[in-house]
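Visitor: Before we go through this model together, I would like to hear the reasoning behind each label that is used for it.

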Amino acid sequence: MASDIAGETSLLLDREDVPPVHEFNAAGASPFLLTCDHYGRLLPKRLGALGLPERELVRHIAWDIGIAGVAERLATWCDAHLIVQRYSRLLIDCNRPPGAVSAIPRLSEATVIPGNQRLSREAVEMRRREIFDPYHHRIDAIIDQRLNERRPTVLVALHSFTPVYAGVSRPWHIGTLYHRDSTLPPLLLKALRAEGDLVVGDNEPYAVSDLTDYTIPVHGEARGLINSGIEIRQDLIADQSGQRQWAERLARVLSGIGSHLRAQRLI
Ligand SMILES: [Zn+2]
């Protein structure tokens with residue numbers, strides 16, 4: 001059987017599991033290309049629950065709570081292409097360099113992940129090959145296509161953060177996260193602060209680095225794209241009403257920034 005040829009066999013996902021990559025509004029005309037590394041919290045049937053109870057699998061350690069509902073609406077309202085990864089970051093974190101210790105966390109915040117202890121090299125490779133690679137290859141291919149077509153492309157990586165981490169409360173409603181891009185993050189910060197009712201984090205609660213991040217350094221910086229990450233606090237987008245409000249706000253903010261970038265001939 002062709003599917004049993006060594007190297008081509010799916011060892012992780014079986015035919016009942018959905019593919020990791022999902023896309024929305026692929027024909028969108030917006031210059032903004034949206035990604036969502038921590039969109040979903042699915043686990044392959046073959047791996048069960050990684051030894052965790054359900055209450056852990058719905059927490060922020062498994063995914064970015066609320067961001068899926070924001071990202072999908074934002075893609076629609078901005079007419080932007082959105083590429084997401086549907087499996088839990090406990091399986092493999094799609095925003096970590098694959099060699100990083102935290103790529104397949106054995107401990108997340110204070111939770112030991114039983115199914116991630118003492119993994120063989122093959123088991124680690126399998127997660128990379130079946131989850132991480134398809135997602136990042138797809139983003140790469142879409143960026144190639146857009147650049148070949150000379151379409152303006154601004155990368156925005158969407159995330160959400162837990163309001164309390166390791167016992168410490170976080171005051172920000174929203175934050176930009178970036179490293180080398182000096183175009184989009186200041187525009188985002190200015191526009192978000194001008195909203196008047198937001199506590200805006202400048203590289204808070206996280207900053208991007210080559211050692212701890214993947215999407216921004218690899219698809220944004222290395223490709224020469226204007227880029228930024230956006231982090232929204234999870235309690236603000238826990239329900240559909242919050243997701244709608246934040247998507248509406250971000251659609252308005254990004255639309256203004258898009259006009260500015262065009263007027264300045266930056267895209
Ligand atoms: Zn995230």
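Guide: What follows is a short conversation about a predicted model, in which each label is set against its cut-off.

Visitor: What makes His38, Asp64 and His159 donors of the zinc ion?

Guide: A donor here is an N, O or S atom within 2.8 Å of the metal. The ND1 atoms of His38 and His159, together with OD of Asp64, coordinate the zinc ion at 2.0 to 2.1 Å, so they count as donors under that cut-off. Along the chain these donors follow the spacing H-x25-D-x94-H. Because His38 sits in the loop between β2 and α1 while His159 belongs to strand β6, the pair ties together parts that are 121 residues apart in sequence.

Visitor: Why is Thr35 called buried?

Guide: Buried means under 20% relative accessible area, and Thr35, a residue of strand β2, has 0% relative accessibility, so the label applies. Leaving out residues up to four places away in sequence, Thr35 touches several others, among them Leu82, Tyr135, Leu158 and Thr215.

Visitor: How do you know that Leu33 counts as buried?

Guide: The reasoning rests on a relative accessibility of 0% for Leu33, set against the limit of 20%. Leu33 also lies in strand β2, and its contacts beyond four places in sequence include Ile83, Ile142, Arg146 and Val154.

Visitor: Where in helix α3 does the kink lie?

Guide: The kink, of about 40°, is placed at Asp133, shortly before the proline Pro134. After α3 comes Arg150, which has a positive phi near 55°.

Conventions: Residues are numbered from 1 along each chain as its sequence is written. This is a predicted model: local features need pLDDT of at least 70, side-chain atom pairs count only at pLDDT 80 or more; totals for chains, interfaces and linings use all residues. Side-chain values use heavy atoms; hydrogens and water are left out. Donors are N, O and S atoms within 2.8 Å of the metal (3.2 Å for Na, K and Ca); water is not among the atoms, so sites may look incomplete. Helices (H or I, at least four residues) and strands (E, at least two) are DSSP runs, numbered from the N terminus. The bend at a residue is the angle between axes fitted to the seven residues ending there and the seven starting there. Buried means under 20% relative accessible area, exposed over 50%, partly exposed in between (1.4 Å probe, protein chains only). Contact means heavy atoms within 4.5 Å.
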